[in-house]
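Please look at the sequence and the 3D structure shown below. The report after it goes from the single chain to the contact between chains, and then to a few local details.

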There are 2 protein chains.
Amino acid sequence: PSCSSIGADFNRRQKPIVVVKAEVQPINPEIRKTEAKVVDSVVLTELAKPLTAYCRCWRSGTFPLCDGSHVKHNKATGDNVGPLLLKKE
Amino acid sequence: PSCSSIGADFNRRQKPIVVVKAEVQPINPEIRKTEAKVVDSVVLTELAKPLTAYCRCWRSGTFPLCDGSHVKHNKATGDNVGPLLLKKE
Ligand code: FES
Ligand code: FES
């Protein structure tokens, strides 16, 4: 190609389109990464308080309990996740 | 710049480096996206079975219950998430 056509191609070149598939990303960046699968058990008769919130956002500093970190995660990402509430009655 | 220098720049140009921060991705792609925050409540006296698994991977077809979809998610992403088990005793 001529010199001018190379220049034109260079300048017209589009920015790469980056497709980020949220579905193929891990959702847990940090919690107990040495475990193959993080499963927690709650024995209901051992719950102390009438209401206990359990984390489903994988961002809590007190995992498996919810510490409110889902609020920051939702704000940063546009997500809508929240805890599971266990109620004694 | 001369014609040859434009060509050299063009050819040497590196592929863009794409940094995907998992931390700033939503973790819930599909569940109840019309709700600002997905919170579920379990009244413990209403649990029927001795063991009930609740989803924390946001991939279950029976959310808020776990249907085993975390296995596929973990395999596809290298993640290590799993359910919260509620045990009547
Ligand atoms: S901190 Fe994770 S759901 Fe609240
Ligand atoms: S299906 Fe989500 S934790 Fe099992």
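What follows is a plain description of this structure, which is a predicted model.

**The single chain**

Chain A contains two helices and three strands. Read along the sequence, these elements come in the order α-β-β-α-β. Of the 89 residues in chain A, 36% are buried. Chain A exposes about 5500 Å², and carbon and sulfur atoms supply 56% of that area. Among the contacts in chain A with a separation of 6 or more, 52% are between residues 24 or more positions apart.

**How the two chains are related**

Chain B is superposed on chain A by a rotation of 180° with 0.0 Å of shift along the axis, and the RMSD is 0.2 Å. This is the relation of a two-fold axis. The same surface serves both copies, since 100% of the contact residues of chain B recur in chain A.

The contact takes 54 residues from chain B and 55 residues from chain A. Between them, the chains bury about 4700 Å², and 61% of this is on carbon and sulfur atoms. In chain B, the residues that lose the most area to chain A are Ile27(B), Arg56(B) and Asn80(B), which together give 15% of what that side buries.

**Salt bridges**

Side chains of opposite charge can pair when their charged atoms come close. How many salt bridges does the structure hold over all chains? The count over all chains is eight, and four salt bridges are found between chain B and chain A. The table gives some of the pairs.

| Pair | Closest N to O |
|---|---|
| Asp40(B) and Arg56(A) | 2.8 Å |
| Arg56(B) and Asp40(A) | 2.8 Å |
| Asp79(B) and Lys33(A) | 2.8 Å |
| Arg32(B) and Asp40(B) | 2.9 Å |

Take the salt bridge between Asp79(B) and Lys33(A). Asp79(B) lies in the loop between helix 2 (70-77) and strand 3 (81-87) of chain B, and Lys33(A) lies in the loop between helix 1 (3-12) and strand 1 (38-43) of chain A, so the pair joins two chains. Are its two residues buried or partly exposed? Asp79(B) counts as buried because its relative accessibility is 5%, whereas Lys33(A), at 36%, counts as partly exposed.

The salt bridge of Arg56(B) with Asp40(A) can be placed in the chains in a similar way. Arg56(B) is in the loop between strand 2 (51-54) and helix 2 of chain B, while Asp40(A) is in strand 1 of chain A, so this pair also joins two chains. Both Arg56(B) and Asp40(A) are buried. These two residues also belong to a network of salt bridges that links Arg32(A), Glu35(A), Asp40(A) and Arg56(B).

Asp40(B) forms salt bridges with Arg56(A) and with Arg32(B). Asp40(B) is buried, with a relative accessibility of 9%. Arg32(B) is partly exposed, with a value of 27%.

**Aromatic pairs and backbone details**

Two aromatic pairs are found over all chains. In one of them, Trp58(A) and Phe63(A) are stacked, with 4.6 Å from centre to centre and 25° between the planes. Trp58(A) has a relative accessibility of 2% and therefore counts as buried. Phe63(A) is buried too, at 13%. The rings of Trp58(B) and Phe63(B) have centres 4.6 Å apart and planes at 25°, so that pair is stacked. Trp58(B) and Phe63(B) are both buried, and the relative accessible area of Trp58(B) is 1%.

Most residues other than glycine have a negative phi, and most peptide bonds are trans. Which backbone details stand against this background? Trp58(A) is not a glycine, yet has a positive phi of about 60°. Trp58(B) likewise has a positive phi of about 60°. Trp58(A) lies in the loop between strand 2 and helix 2 of chain A, and Trp58(B) is in the loop between strand 2 and helix 2 of chain B.

The peptide bond that joins Phe63(A) and Pro64(A) is cis, with omega about 10°. A cis peptide bond also joins Phe63(B) and Pro64(B), where omega is about 15°. Pro64(A) lies in the loop between strand 2 (51-54) and helix 2 (69-77) of chain A. Pro64(B) is in the loop between strand 2 and helix 2 of chain B.

Definitions and conventions. Residues numbered from 1 in each chain as written. Chains lettered and ligands numbered in written order. Predicted model: local features only at pLDDT ≥ 70, side-chain atom pairs only at ≥ 80, totals over all residues. Heavy atoms only, no water. Least-squares fit on C-alpha atoms with pLDDT ≥ 70 in both. Contact = heavy atoms within 4.5 Å. Phe/Tyr/Trp six-rings, centres within 6.5 Å; stacked < 30°, edge-to-face > 60°. Buried < 20%, exposed > 50% of the residue type's maximum accessible area, 1.4 Å probe, protein only. Helix = DSSP H or I, 4+ residues; strand = E, 2+ residues; numbered from the N terminus. Areas by Shrake-Rupley, 256 points an atom, 1.4 Å probe, with all protein chains shown as cover. Buried area = accessible area lost by both parts, 1.4 Å probe. Salt bridge = Lys/Arg side-chain N within 4 Å of Asp/Glu carboxyl O.
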